[in-house]
Amino acid sequence: MGLKPRLVLHIGTEKTGTTSIQEFLRINAGPYLGKGVVVPTYLGHSNHSLLPVIAYGDDRHDDLSLAYGLNDPQARTARREQTIQLLQESAAQHPDHTFVISSEHLQSRLTGSEEIDRLHHLLTPIFSSIQIVLYIRKPIDTAISSLSTGIKCGKTATRIPPPSDPYIEILCLHRQTVERWAASFGIGAIRVRIFSRQHFVDGDLLKDFALTSGIPFDQDLTMPPRTNEKLGFDGLRFLGAINDQIPYIADDRFNPLRANLVTLFETYFCESPEYVPSEEEINRYAEHYRQSDAWMRERFFADLPSLWPQTAARPAAVSTVPQPSLPAAEGGDTYSPAEVRKLLRLFADAWNDKQTLINSLHDQLEERNRQIAALNTQLAAGGPTDAAHADPIRRP
């Protein structure tokens, strides 16, 4: 039996620095190859989200399968076979290397035993061993971080959901995740780490991931630039209100009128105060996930007095997060919430008008370029042209 590489399968969870880990792996794919580590480029640009999709059942459709054009069962089967063949060929070329695959969608999307079994069946013939790396985070902190992501993706709610929310439970019932993956890969294959700076090796997530995965973390590796994607609570409330006016999805596709709207909010509201949960929210989350968290501490972190760092709560006297306000004029009062909503509607209307004009001009430019290309083709062929009758670009 020939030598086979080992595989590190980083499955998430979401909201545990996965983007930073994946960008680190992407920009160091070349140097890592010389260090005995393969980071596959055919599973996605950085997030290897193609891997969970090829493990889907044939009747499962979602945004990932749509993005890869794999909603058709035949197309999915063909892409599955192609992807596994690429993995097999790469493994044959680097039998003494470690392969690292990273996608938080493995944990958040593969929630059925049949899909995880299918993934196990696809991978085990290729690799000598498979190590599952799982980062877990305190449930209420995950919910707060997910709130920001949800609003960036078009949601309008500006409060964290109840702890029983199905999506939050998928991310935060950590015992359920471990047992689900252990049923296919074995409990001994799973390495669990706590997403908290105080638990990282030397307080560094990337170093912690590398050492947990058993791959080098050398000085010649490039560190990805630090990005601040945090959206303060003012930004959450404002963008949530604008999402009503400029939805994320229009005509079953990303709404082109949104353009770089989220980037601007990240730029101008990254320094505003963060969402601070109430004592009631903290207690509800703690109680809902108490049994799962206790099992995780006993099974993986018995030496810790507590699994999670403390989450700061709002003062009891403050019943809601303070309403954002704007100064009306120098020396004057602040605008009321109703007036702020009017300003947001004004902004949304102005933004819509601007993007509609830009998109219209872009479409006209593309049409004019097509006309020019057709004329050039006719001229090159020596044929007649309709240049004299071409419509001029109409002003919107």
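Student: Which residues of helix 10 are buried, and what makes them count as buried?

Tutor: In this predicted model, the buried residues of helix 10 are H174, T177, V178, R180, W181, A182, S184 and F185. They earn the word because buried means under 20% relative accessible area.

Student: How do you know that helix 10 has the span expected of it?

Tutor: Helix 10 covers residues 174-185, which is 12 residues, and reaches 16 Å from its first C-alpha to its last. At 1.5 Å a residue the expected value is 16 Å, and the helix comes close to that. Just after helix 10, G186 takes a positive phi of about 95°.

Student: Why is the angle between helix 10 and helix 15 called oblique?

Tutor: Their axes cross at roughly 55° and come within 7 Å. Angles under 35 degrees count as roughly parallel, and 65 to 115 as roughly perpendicular. The crossing falls in neither range, so helix 10 and helix 15 are oblique to each other.

Student: Which residues meet there?

Tutor: From helix 10 come H174, R175, V178 and E179, and from helix 15 come S292, D293, W295, M296 and F300. By class, that contact has four nonpolar, two polar and three charged residues.

Student: What makes helix 8 oblique to helix 14?

Tutor: Helix 8 (residues 139-152) and helix 14 (residues 279-288) pack at about 120°, with their axes 9 Å apart. Roughly perpendicular ends at 115 degrees, and roughly antiparallel needs over 145. The angle lies between those limits, so helix 8 is oblique to helix 14. P139, I140 and A143 of helix 8 make the contact with E281, I282 and Y285 of helix 14. Those residues divide into five nonpolar, no polar and one charged.

Student: Which residues touch the most other members of the largest nonpolar core?

Tutor: That core has 43 residues, and L9, L119, L123 and W181 touch the most other members. Several elements each supply at least two residues of this core, among them strand 1, helix 5, helix 7 and helix 10. Leaving out residues up to four places away in sequence, L119 touches L9, L51, A55, L106, L110, W181 and F185. There is also a second, separate core of 26 residues, which includes L171, L173, I246 and W351.

Student: Why is F217 called partly exposed?

Tutor: F217 has a relative accessible area of 23%. Buried would need under 20% and exposed over 50%, so F217 counts as partly exposed. F217 sits in the loop between helix 11 and helix 12. With residues up to four places away in sequence set aside, F217 touches F24, D204, L206, K207, A210 and M223. The C-alpha atoms of F217 and K207 are separated by 6.3 Å, although these residues are 10 apart along the chain.

Student: Is D202 buried or exposed, and how do you know?

Tutor: D202 is at 62% relative accessibility, and the cut-off is over 50%, so D202 counts as exposed. D202 is in the loop between strand 5 and helix 11.

Student: What makes the backbone of D202 and K15 worth a look?

Tutor: Most residues other than glycine have a negative phi. Phi of D202 is near 55°, a positive value, and phi of K15 is near 70°, also positive. K15 lies in the loop between strand 1 and helix 1. At 21% relative accessible area, K15 is over the 20% limit for buried and so is partly exposed.

Student: Where is there a cis peptide bond?

Tutor: The cis bond joins G12 and T13, with omega about 5°. T13 is found in the loop between strand 1 and helix 1.

How values were computed. Residues numbered from 1 in each chain as written. Predicted model: local features only at pLDDT ≥ 70, side-chain atom pairs only at ≥ 80, totals over all residues. Heavy atoms only, no water. Helix = DSSP H or I, 4+ residues; strand = E, 2+ residues; numbered from the N terminus. Expected span 1.5 Å × (residues − 1). Buried < 20%, exposed > 50% of the residue type's maximum accessible area, 1.4 Å probe, protein only. Core = buried A, V, L, I, M, F, W, Y, C linked by side-chain atoms within 4.5 Å. Contact = heavy atoms within 4.5 Å. Axes fitted to C-alpha atoms, helices over the stretch in contact; angles between N-to-C directions. Nonpolar A, V, L, I, M, F, W, Y, C, P; charged D, E, K, R; others polar.
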